Amino acid sequence: MPTTVTSTTAPSEWRDYYALTKPRVMSLVVFTGLCGLLAAPGHINPVLGFTAVLCIALGAGGAGALNQWWEADLDARMKRTAKRPLPLGRMTRTSARDFGVALSVGSVLIMGLAVNWLSAIVLAVSILYYAVVYTIWLKPRTPQNIVIGGGAGAFPPLIGWIAVTGHITWMPVLLFLIIFMWTPPHFWALALFVQSDYAKAGIPMMPVVAGEKSTRRQILAYAVILLVVSLVPWWIGGTGAIYGVTALALSAAFVALCLPVASRLAGQGDTMKPEKRLFAYSVLYLFALFAALVVDRVVLGQGTSA
Amino acid sequence: MTPEEQDAIKRARKGRNLALGLVLLGLVVLFYAIAWAKIAG
């Protein structure tokens, strides 16, 4: 583990603790978690539904804090992350660790007591997966780190769904797989056009390790898999045609935007338009796809627990 | 430590305490609501 200890130069404010939870990541987590909850068959008391989404958000915040506790030295070496509270020395590393543990344990316990224990267990697994398997173990070791990290981001809709149904079926697992397949093209598109200093920090990101060409090919490969996976909920009868047709259109467009990205190489002074377009679309894609899932459920009322 | 630094520390501590107080208050309300939801369900 990293050893340099940063001394505290300024008193920590509540905002520093808030920043530890990665609020911007949390907005996507809350959205997909809520969609999983709304799309699941069955009913949940609104108060308990709110509690479930709150616990998903708090758990993600706890995992984010643990991630920053572990990576404080690494963050200090990259421009994008150098302004986080720990690299700035605004709090001690111990405070960040304890804050992360408190949020994680608290969110799992509340989820278990208020909602159900299966969703609490999956929430605990997702936190451990992000904080330990991803952050500590695999991120510094493999260029597949983004693929693995995508797993962490894929948990919220699964947890939201289980909060309602109390058991794991194919549908929530498919929602997990959709985000899992979506993450690599989403992130690598960004990695292609953002001059990042991951190399400087010693993190093996795919474009640096496998080269630009291979990364571009893999973007397309994941997009094609995503196209298929996003349609399975419809094929197995878990959703109606509203979701099915929307998913087909959205995913086809995703593949179409990946084609130019996959078939070119950036030259000197490249504006990287296709990559930027793909990245912007990928965010829209996920919001629209999950929104379609909820609309489908509300309008058609279909959705066996298949 | 200069008086300014001492002031900054006091201000930051006050802010943290206030935030923690609000969080605890929020938990009280949440647990109360959960208890009612459980009893009603």
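Helices in this predicted model are DSSP runs of at least four residues, numbered from the N terminus.

**Figure 1. Val147(A) within helix H7 of chain A.** Val147(A) belongs to helix H7 of chain A, and at a relative accessible area of 9% this residue is buried. Leaving aside neighbours within four places in sequence, Val147(A) is in contact with Phe180(A), Pro184(A), Trp188(A) and Tyr222(A). The C-alpha atoms of Val147(A) and Ala256(A) are separated by 21 Å, and these two residues stand 109 residues apart along the chain.

**Figure 2. The surroundings of helix H7 of chain A.** Because eight of the nine residues of H7(A) are buried, this helix is largely enclosed by the rest of the structure. The buried residues are Asn145(A), Ile146(A), Val147(A), Ile148(A), Gly149(A), Gly150(A), Gly151(A) and Ala152(A). What covers them includes H6, helix H8 (155–165), H9 and helix H12 (212–235), each of chain A.

**Figure 3. Lys139(A) in the loop between H6 and H7 of chain A.** The loop that holds Lys139(A) runs between H6 and helix H7 (145–153) of chain A. Lys139(A) has a relative accessible area of 7% and is therefore buried, the limit being under 20%. Its side chain is joined to that of Glu71(A) by a polar contact of 3.1 Å. Not counting residues up to four places away in sequence, Lys139(A) touches Glu71(A), Tyr134(A), Asn145(A), Ile203(A) and Pro204(A); among these, Asn145(A) is one of the buried residues of H7(A).

**Figure 4. The largest nonpolar core and a second, separate one.** The largest nonpolar core has 80 residues, and those with the most contacts inside it are Met111(A), Trp188(A), Phe254(A), Leu278(A) and Tyr285(A). Helix H9 of chain A, residues 170–193, gives the most to this core, with 13 residues. A second core, separate from the largest, has 11 residues and includes Tyr17(A), Trp70(A), Leu86(A) and Ala131(A).

**Figure 5. The contacts of Phe254(A).** Phe254(A) is one of the residues with the most contacts inside the largest nonpolar core. Not counting residues up to four places away in sequence, Phe254(A) touches Trp182(A), Pro185(A), Ala223(A), Leu226(A), Leu278(A), Tyr281(A), Ser282(A) and Tyr285(A). Among these partners, Leu278(A) and Tyr285(A) are also named with those that have the most contacts inside the core.

**Figure 6. A nonpolar patch on the surface of chain A.** Val101(A), Val105(A), Leu109(A), Leu113(A), Trp117(A), Ile121(A) and Val125(A) together make a nonpolar surface patch of about 650 Å². Helix H5 (93–114) and helix H6 (117–138) of chain A are the elements that give two or more residues to this patch, and the largest share, four residues, comes from H5(A). Leu113(A), one of the patch residues, has its place in helix H5 of chain A. With a relative accessible area of 61%, Leu113(A) is exposed, because that term applies over 50%.

**Figure 7. Two loop residues with positive phi, Lys22(A) and Met272(A).** Lys22(A) has a positive phi of about 50° although it is not a glycine, and is found in the loop between helix H1 (14–20) and helix H2 (23–39) of chain A. At a relative accessible area of 16%, Lys22(A) is buried. Met272(A), likewise a residue other than glycine, has a positive phi near 55°, and its loop lies between helix H13 (241–262) and helix H14 (273–300) of chain A. Met272(A) counts as buried, at 10% relative accessibility.

**Figure 8. Chain B and its residue Ile9(B).** Chain B contains one helix and zero strands, and its C-alpha trace spans about 60 × 10 × 5 Å along its principal axes. Of the 41 residues of this chain, 12% count as buried, while carbon and sulfur atoms supply 69% of the roughly stated total of about 3,500 Å² that chain B exposes. Ile9(B) lies in helix H1 of chain B, residues 3–40, and counts as partly exposed at 32% relative accessibility. Leaving aside its neighbours within four places in sequence, Ile9(B) is in contact with Pro11(A) and Met1(B). From Ile9(B) to Gly41(B) the C-alpha to C-alpha distance is 47 Å, and these residues are 32 residues apart in sequence.

Technical notes: Residues numbered from 1 in each chain as written. Chains lettered and ligands numbered in written order. Predicted model: local features only at pLDDT ≥ 70, side-chain atom pairs only at ≥ 80, totals over all residues. Heavy atoms only, no water. Patch = residues over 30% accessible without salt bridge, like charges linked within 9 Å, V, L, I, M, F, W, Y side chains within 5 Å. Areas by Shrake-Rupley, 256 points an atom, 1.4 Å probe, with all protein chains shown as cover. Salt bridge = Lys/Arg side-chain N within 4 Å of Asp/Glu carboxyl O. Buried < 20%, exposed > 50% of the residue type's maximum accessible area, 1.4 Å probe, protein only. Polar contact = N/O pair within 3.5 Å; in protein donor to acceptor, adjacent residues only side chain to side chain. Contact = heavy atoms within 4.5 Å. Core = buried A, V, L, I, M, F, W, Y, C linked by side-chain atoms within 4.5 Å.
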